[in-house]
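Me: I am new to this structure and would like a close look at a single part of it. Please go slowly and tie that part to what surrounds it.

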Amino acid sequence: MRTFILFIRRFFNLILFLALEIVSIVLISHTQTLQGTDIVSSANTVSGLLYQKQSDVIYYFGLRKMNDSLLSENMHLRALLSARHEYDTLKDIVIRREKDKVDSTHVIKYAEYKYRTARVVNNSVSFANNYITINRGWADGIGKNMAVVSGTGIVGRIVHVSEHFASALSVLSVKQQVSSRLKDGTIGYIAWDGERPDMMVMKDVPQQIKVKAGDSIYTTSVSFFPPDIMIGTVLRVETVKKNNLQLLYLKPSTNFRDLQYVYVVENKMDMERKKLEDSLKTKP
Amino acid sequence: MSQYIRNFLRFALIVLLQVQILNKITILWWPEPSGFPLFIPMVYPLFILLMPFETPVWALLISGFLMGLCIDAFMNTAGIHAFATVFIAYLRTNVLNALMPRNLNDYINQSPGIKNMGWGPFLVYSSFLILLHHLLFFGIELWNFSNIGYLLLKIVASACTTMLLIMVYLLLFTRQTANR
């Protein structure tokens, strides 16, 4: 026993060092998966409040830019609206009726999305996993795994929630991949290589699909994002000789550097869908 | 001011500086670096570097761990900063012993600085530990060594900016610390 105490006293520093490093490694390994626990996160009250104070100051300098982005988003939405309701000729009426029919059977029942606005109080683009802190928490109805979109494209998913703040893992993250589709319906997935915030890669596109620079890429209904939200436009196409698949380098349509307001999207059918899928998994 | 209060104030000041200003550089003040990696100076290990000479290793380790966790809580990195900071806190005493001519316990109530170490040894001491810290942090964070040139460039660019800021800090605050 005495030698044991002597041993501890002699190597106390080394033992403490190893213990603290092991604690850190445990904390790191908890967050390596998306289902990790939130022990330390910027959604806690202290850092959330600090970020909120800073963003209150900076807020006024971005008002002009924000106005412009709201105007252009309004324009886009108005264009969509007019496309649904404009009918001068007989042909247009037929199209409108068809659309209405689709709405009443599929869309409204299958995917009901609820949008909530939130202000971004902290943001980063320069790490391998970037996080966004927003000033809404579970008191405002925000929950884990909800999608975050901006007026121009996709942003990320909520990973930590506290009472008044939540932090979202941005799509600029090496941990997270987003299912995506081309204009003609070809499905692949989008990943980020951890380097430039204005460049993402769409993988697994077969070679026979013709893609040109400038083509748009959208979200699919398989991902946790609502379908048909723009992700970005293709910058250049590269063919991998090894497996005859194409890599599409694309420019995300969201400007991750000046996010000011985002929408948090709740999928009301998500719980039901997950329950069904889990019950399928457990059966042999 | 006692050493404890001074170090506590320095802790708060460095956390605020790191979290509120330095982390935002790439977002707010440097929009398009066009191909060059986005780097981030991390000056918060300076808190460990400037603890008094005679601080025992266990106190260094615990304060390094707290510092790392504090930064982790702000940056959502959950333990990576704590890991890197505890590592350099463990090595700090050995590096100082190798660089200083006298026993560390002879420097009573003094912090490492350019007045009692000189520019040369201090820069060697700080740049070695800072580079090690950045290497660990960015390595663990990306955990993908397929594009190692990019990773190394990011580490070196971050470490150089950090060293620049540390030198500025020393030039600004040296006179007050040297009198005590």
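Leaving aside its neighbours within four places in sequence, which residues is B:Leu61 in contact with?

Reply: Please keep in mind throughout that this is a predicted model. Once the neighbours within four places in sequence are set aside, B:Leu61 is in contact with A:Asn13, A:Leu16, A:Phe17 and A:Leu20 of chain A, and with B:Val86, B:Ala89 and B:Tyr90 of chain B.

These contacts can be placed in a wider setting, since B:Leu61 is one of the residues with the most contacts inside the largest nonpolar core, a distinction that it shares with B:Phe122 and B:Tyr125. That core has 60 residues, and the elements that give two or more residues to it come from both chains: chain A provides α2 (12–31), while chain B provides α1 (3–21), α3 (46–49), α4 (57–75), α5 (80–99), α6 (114–117), α7 (119–142) and α8 (148–178). As a general matter, nonpolar side chains in soluble globular proteins tend to be buried together. Apart from this core lies another, of 39 residues, which includes A:Val125, A:Val149, A:Trp192 and A:Leu248.

The chain that holds B:Leu61 deserves a description of its own. Chain B has 8 helices and 0 strands, and 55% of its 180 residues count as buried. Its radius of gyration is 16 Å, which agrees with the value near 16 Å for a compact globule of 180 residues, and its C-alpha atoms fill a box of roughly 50 × 30 × 30 Å along the principal axes. Among the contacts in chain B with a separation of 6 or more, 73% come from residues 24 or more positions apart. The accessible surface of chain B comes to about 7,900 Å², and carbon and sulfur atoms account for 71% of that area.

The other core leads into the strands of chain A. A:Val149, one of its residues, stands opposite A:Ile154 in β4(A), and the two strands concerned, β3(A) and β4(A), run antiparallel with 3 bridges between them and form a hairpin with 4 residues between them. Strand β4 (residues 154–161) is mostly covered, with 7 of its 8 residues buried. On the pairing with β5 (residues 166–173), β4(A) runs in the antiparallel sense over 5 bridges, with A:Gly156 opposite A:Ser170, and a hairpin of 4 residues again joins β4(A) to β5(A).

Chain A also contains a closed barrel of 6 strands, which runs β6-β7-β8-β11-β10-β9 with antiparallel pairing, and the twist averages 40° from one strand to the next. Within this barrel, 8 bridges join β10(A) to β11(A), and A:Val240 stands opposite A:Leu245. The loop between β10 (230–240) and β11 (245–252) holds A:Asn244, whose phi is near 55°, a positive value in a residue other than glycine. A:Asn244 is partly exposed, with a relative accessible area of 44%. A:Asn145 also has a positive phi, of about 65°, although it is not a glycine, and it lies in the loop between β2 (129–134) and β3 (147–149). At 29% relative accessibility, A:Asn145 counts as partly exposed.

Notes:
Residues numbered from 1 in each chain as written. Chains lettered and ligands numbered in written order. Predicted model: local features only at pLDDT ≥ 70, side-chain atom pairs only at ≥ 80, totals over all residues. Heavy atoms only, no water. Buried < 20%, exposed > 50% of the residue type's maximum accessible area, 1.4 Å probe, protein only. Pairing = 2+ DSSP bridges. Axes fitted to C-alpha atoms, helices over the stretch in contact; angles between N-to-C directions. Core = buried A, V, L, I, M, F, W, Y, C linked by side-chain atoms within 4.5 Å. Contact = heavy atoms within 4.5 Å. Rg over C-alpha atoms; globule rule 2.2 N^0.38 Å. Areas by Shrake-Rupley, 256 points an atom, 1.4 Å probe, with all protein chains shown as cover.
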